[in-house]
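Me: I've got a model open and want to talk through it piece by piece. Can you take my questions as they come?

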Amino acid sequence: MAVTTPEALRTQTAAVLDKVGFLRRFLRARIWHGAEWYITVLGGAILVTVAGVTVLAPVLAPHDPNEFIGAQFTVPGGGRQALLARNGEVPIAGDADLAGVVIGVQRNRNGANLAKRLGAEGVRFEDQQALVGGLKAGEVDLILIDESVGQELAAADSQLELVATGLGLRFVLGTDNLGRDITSRLIWGARTVLGVALSSALLASSFGIPLGLLSGFVAGRLDKVLSLTMDSIYSFPGFLLAIAMATMLGPGVINVAIAISVIYIPTFFRVVRGQVLSIKEQLYVEAARSLGARATDILIRYIFPNVIPSVVVVFSLNIADAILTEAGLSFIGLGLPPDVPDWGYDLSKGHQFLIAGYWWMITFPGVLISLVAAGFSLLGEGLSEMLNPRLSET
Amino acid sequence: MSPVTPGELLLQVCNLNVSYKTRTGPVSAVSDVSLDIYRGEILGLVGESGCGKSTLGRALMRMLPRSARIEGQILFHGREVLGFDDRQLRELRGRGISMIFQDPMTSLNPVQRIGDHLTEAVQVHESDGGKADLRQRIGTLVERLGIMRQRLSDYPHQLSGGMRQRVMIGLGVVLSPDLIIADEATTSLDVIVAAKLLDQLREIREEFGVTIILITHNIAQVAELADRVAVMYAGRIAEVGSVYDVFDGPQHPYTQGLLRSVPSIKLEDREELYKMPGEPPNLLSPPAGCRFHPRCPEAMSICSRIAPGLLPTMPGRLVNCWLYQEHSEKDGPAARTTARGAA
């Protein structure tokens with residue numbers, strides 16, 4: 001009989017698993033849960049990482065995401081400065097305080113920012129050629145220049161001597177068009193994105209699930225009215241509806257969450273209602289009634305727990321979708337206010353400057369959006385495979 | 001096991017009609033049924049699929065879908081069940097009458113432990129009472145039913161079909177109701193498990209003194225277990241009597257046909273089984289008169305015009321057939337229909 005087979009299999013696997021190490025056990029888990037196991041674990045791992053980053057944002061982020069801390073369009077990994085002088089004419093000792101010293105810098109580059117921060121007297125030059133020329137001509141005795149460029153120049157030109165390297169800040173993922181650190185923006189943006197996606201999914205489920213339960217359980221006219229309403233929302237293109245809602249509500253984290261949640265209420269509603277309709281015909285519900293259980297008890301203790309597995313799956317998939325919708329809203333400028341770091345906003349800015357060759361502004365937020373959305377999708381799909389009783393029976 | 005000891009009346013059904021509202025019109029699933037059930041007996045309720053036996057069983061607890069209309073009288077301990085409000089109804093269900101369902105695989109909540117099923121059933125009716133006390137009581141009950149106490153913390157899917165059915169019985173008796181309705185309780189079990197279960201039902205009856213209505217289409221089980229039997233056909237009761245009387249000398253032509261359709265395991269009489277001619281009627285438009293007359297080998301002209309009553313033919317025996325009843329029109333054009341029936 002079908003009842004004994006999975007049990008036999010389970011004891012068998014348990015016996016096998018006792019003899020193997022953790023890694024083998026992890027790989028063996030396929031026997032319990034099928035190949036979906038890995039998908040789910042992968043999705044879960046992505047999410048745990050992102051969630052960790054979200055929580056630890058103040059610790060992890062190197063800079064304030066809104067501060068114009070570096071020069072515009074610093075390349076990924078750039079930002080560090082080198083100090084150059086004419087060969088043999090180094091005016092200061094290696095560990096001297098640079099405050100008050102006259103240093104040549106290039107306009108709008110990280111060297112200018114650094115000189116200002118150090119309290120040095122910066123003499124600005126129009127471009128790199130003028131800067132190096134100025135040093136050679138004796139206009140200034142020291143110049144600040146991008147580290148890699150400085151090293152190359154010192155190696156190639158015997159007139160120049162490298163005084164110090166590794167000065168100033170380094171921007172791992174570069175800076176954006178306003179000189180803001182992209183790493184910090186992404187780390188803080190994770191908080192925004194996850195917050196908006198989670199709260200919109202929570203909001204959608206806290207309306208969709210009770211309405212679905214009620215509609216399926218009570219049936220009759222209430223069910224007809226609710227189903228019709230939900231179906232008309234559902235038939236509307238989701239993103240269009242989100243745009244309309246966001247326009248109506250205006251910018252703001254809560255408003256965006258509300259705008260997004262509206263499109264997902266029908267998803268929860270339909271799944272829950274369908275489940276309730278089939279579960280309430282189950283014999284165990286009837287058995288509960290035959291024992292004199294109250295209608296509310298039946299709904300809460302018999303029907304609701306059996307709906308949860310499908311809700312969990314929908315929830316996870318909806319978060320993935322909400323992330324994309326949120327990014328989409330921000331991309332077209334209907335999302336969050338500009339002072340809230342947000343991947344969608346970075347994406348739209350990056351899009352503007354991509355044509356000028358600043359590829360890093362659009363790439364990193366884009367990769368992250370895809371990764372997190374994929375993480376939730378993988379988790380949701382994996383869970384739905386694992387929680388589906390029809391598949392797990394075999 | 002004594003034949004028909006009309007003891008104390010527990011439940012009295014008078015002229016009960018149940019019809020379901022459907023798009024094509026009302027379906028009369030139970031029509032004009034009257035039945036007395038005595039305390040402590042086991043009554044077998046048999047009939048073909050769709051003859052209304054389950055509907056009748058559910059009507060007794062008012063467990064019918066909203067589309068059903070119930071008319072008539074159901075007196076439980078002399079109180080009118082059809083007049084009960086929600087609170088009284090909840091009190092009746094579980095405490096007064098409980099039901100054991102057909103399919104043990106699906107009649108337990110998959111996300112609830114076995115013990116919680118039982119505890120909850122009790123707590124619905126008795127909000128007070130100590131937890132430890134209750135656990136003790138439930139532990140004793142399941143051990144009495146042959147389930148180890150430790151299994152109380154198991155989920156339904158961890159139990160075998162027979163064990164689940166025993167849990168269902170436990171749910172049926174945990175509130176010590178006066179009447180248990182076993183609705184096809186053994187249908188999905190194999191014969192060995194079913195036999196054990198029937199034995200258990202009998203023990204329960206003897207121990208707790210409950211009354212049991214055994215709804216089934218398995219005639220052999222009724223013969224084995226029941227004291228009295230009621231045969232239903234197309235929403236009406238055809239014949240009621242003690243099992244011995246009815247199975248030894250069936251009086252209604254339907255009962256006769258039904259008993260001849262039961263397969264036997266005796267190898268010497270491997271004769272062809274009796275196949276009843278025709279089909280059960282469509283209850284959207286049941287035949288006029290006696291509902292069995294289109295299939296009846298002994299139909300008379302009156303049968304198609306006037307319905308017979310369920311009247312006694314001998315002590316403790318009621319038959320719903322014109323063969324045993326008098327009517328002024330009965331012998332009129334009898335020859336014509338008999339001829340048609342024979343043709």
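Me: Which loop of chain B holds B:R62?
Reply: This is a predicted model, so let's stick to what its coordinates give. B:R62 has a positive phi of about 55° although it is not a glycine. The residue sits in chain B, in the loop between α1 (53-60) and β4 (68-76).

Me: Is B:R62 buried, exposed or partly exposed?
Reply: Count the neighbours: B:R62 has 16 other C-beta atoms within 10 Å. Buried takes 20 or more and exposed takes 12 or fewer. The count of 16 therefore makes B:R62 partly exposed.

Me: What does B:L82 touch, not counting residues up to four places away in sequence?
Reply: B:L82 is in another loop of chain B, the one between β5 (79-80) and α2 (86-96). With 13 other C-beta atoms within 10 Å, B:L82 is partly exposed. Leaving out residues up to four places away in sequence, its contacts are B:I70, B:Q73 and B:I74.

Me: How many Å separate the C-alpha atoms of B:L82 and B:L92?
Reply: Along the chain, B:L82 and B:L92 are 10 residues apart. In space, the separation of their C-alpha atoms is 11 Å.

Me: Over to the contact between the chains. Which element gives the largest share of the side of chain A that touches chain B?
Reply: The contact takes 14 residues from chain A and 23 residues from chain B. On the chain A side, α13 (283-290) and α14 (295-331) are the elements that give two or more residues. By class, that side divides into 8 nonpolar, 4 polar and 2 charged residues. The largest share, 5 residues, comes from α13(A).

Me: And α14(A) and α15(A): what orientation do they have to each other?
Reply: α14(A) packs with helix α15 (residues 343-354) of chain A at an angle of about 45°, and their axes are 7 Å apart. Roughly parallel needs an angle under 35 degrees, and roughly perpendicular runs from 65 to 115. The angle of about 45° fits neither range, so α14(A) and α15(A) are oblique.

Me: Which residues of α15(A) make the contact with α14(A)?
Reply: α14(A) passes α15(A) in a right-handed crossing. On the α14(A) side, the contact uses A:E326, A:A327, A:G328, A:L329, A:S330 and A:F331. By class, the contact has 6 nonpolar, 4 polar and 1 charged residues. From α15(A) come A:W343, A:G344, A:Y345, A:L347 and A:S348.

Me: How many charged residues are in the contact of α11(A) with α12(A)?
Reply: Helix α11 (residues 238-249) and helix α12 (residues 253-279) of chain A pack at about 150°, with axes 8 Å apart, and the crossing is right-handed. α11(A) brings residues including A:L241, A:M245 and A:L249, while those from α12(A) include A:V256, A:I260 and A:I263. By class, the contact has 11 nonpolar residues and 2 polar ones, and the charged count is: no charged residues.

Me: Is A:R191 buried or exposed?
Reply: A:R191 belongs to helix α9 (residues 182-218) of chain A. Beyond residues up to four places away in sequence, A:R191 touches A:T54 and A:A57. Around A:R191 there are 21 other C-beta atoms within 10 Å, and the cut-off is 20 or more, so A:R191 is buried.

Me: What's the phi of A:N108 near?
Reply: A:N108 is in the loop between β2 (102-106) and α6 (110-118) of chain A. The residue is partly exposed, with 15 other C-beta atoms within 10 Å. Its phi is positive, in a residue other than glycine, and is near 60°.

Me: Zooming out, how many Å separate the centres of domain 1 and domain 2 of chain A?
Reply: The domain assignment gives domain 1 as 81-167 and domain 2 as 182-392. Taken over C-alpha atoms, the separation of their centres is 54 Å.

Me: What percentage of the residues of chain A count as buried?
Reply: Chain A's secondary structure comes to 17 helices and 5 strands. Among its contacts between residues at least 6 apart in sequence, 71% join residues at least 24 apart. Of the 394 residues of chain A, the share that counts as buried is 41%.

Key. Residues are numbered from 1 along each chain as its sequence is written. Chains are lettered from A and ligands numbered from 1 in the order in which they are written. This is a predicted model: local features need pLDDT of at least 70, side-chain atom pairs count only at pLDDT 80 or more; totals for chains, interfaces and linings use all residues. Two residues are in contact if their C-beta atoms, placed from the backbone, lie within 7 Å. Helices (H or I, at least four residues) and strands (E, at least two) are DSSP runs, numbered from the N terminus. Ala, Val, Leu, Ile, Met, Phe, Trp, Tyr, Cys and Pro count as nonpolar, Asp, Glu, Lys and Arg as charged, and the others, Gly among them, as polar. Axes are lines fitted to C-alpha atoms, for helices over the stretch in contact, and angles run from 0 to 180 degrees between N-to-C directions. A crossing is left-handed if the near helix is turned anticlockwise from the far one by less than a right angle, and right-handed if clockwise. Domain bounds come from an automatic or database domain assignment. Angles under 35 degrees count as roughly parallel, over 145 as roughly antiparallel, 65 to 115 as roughly perpendicular and the rest as oblique.
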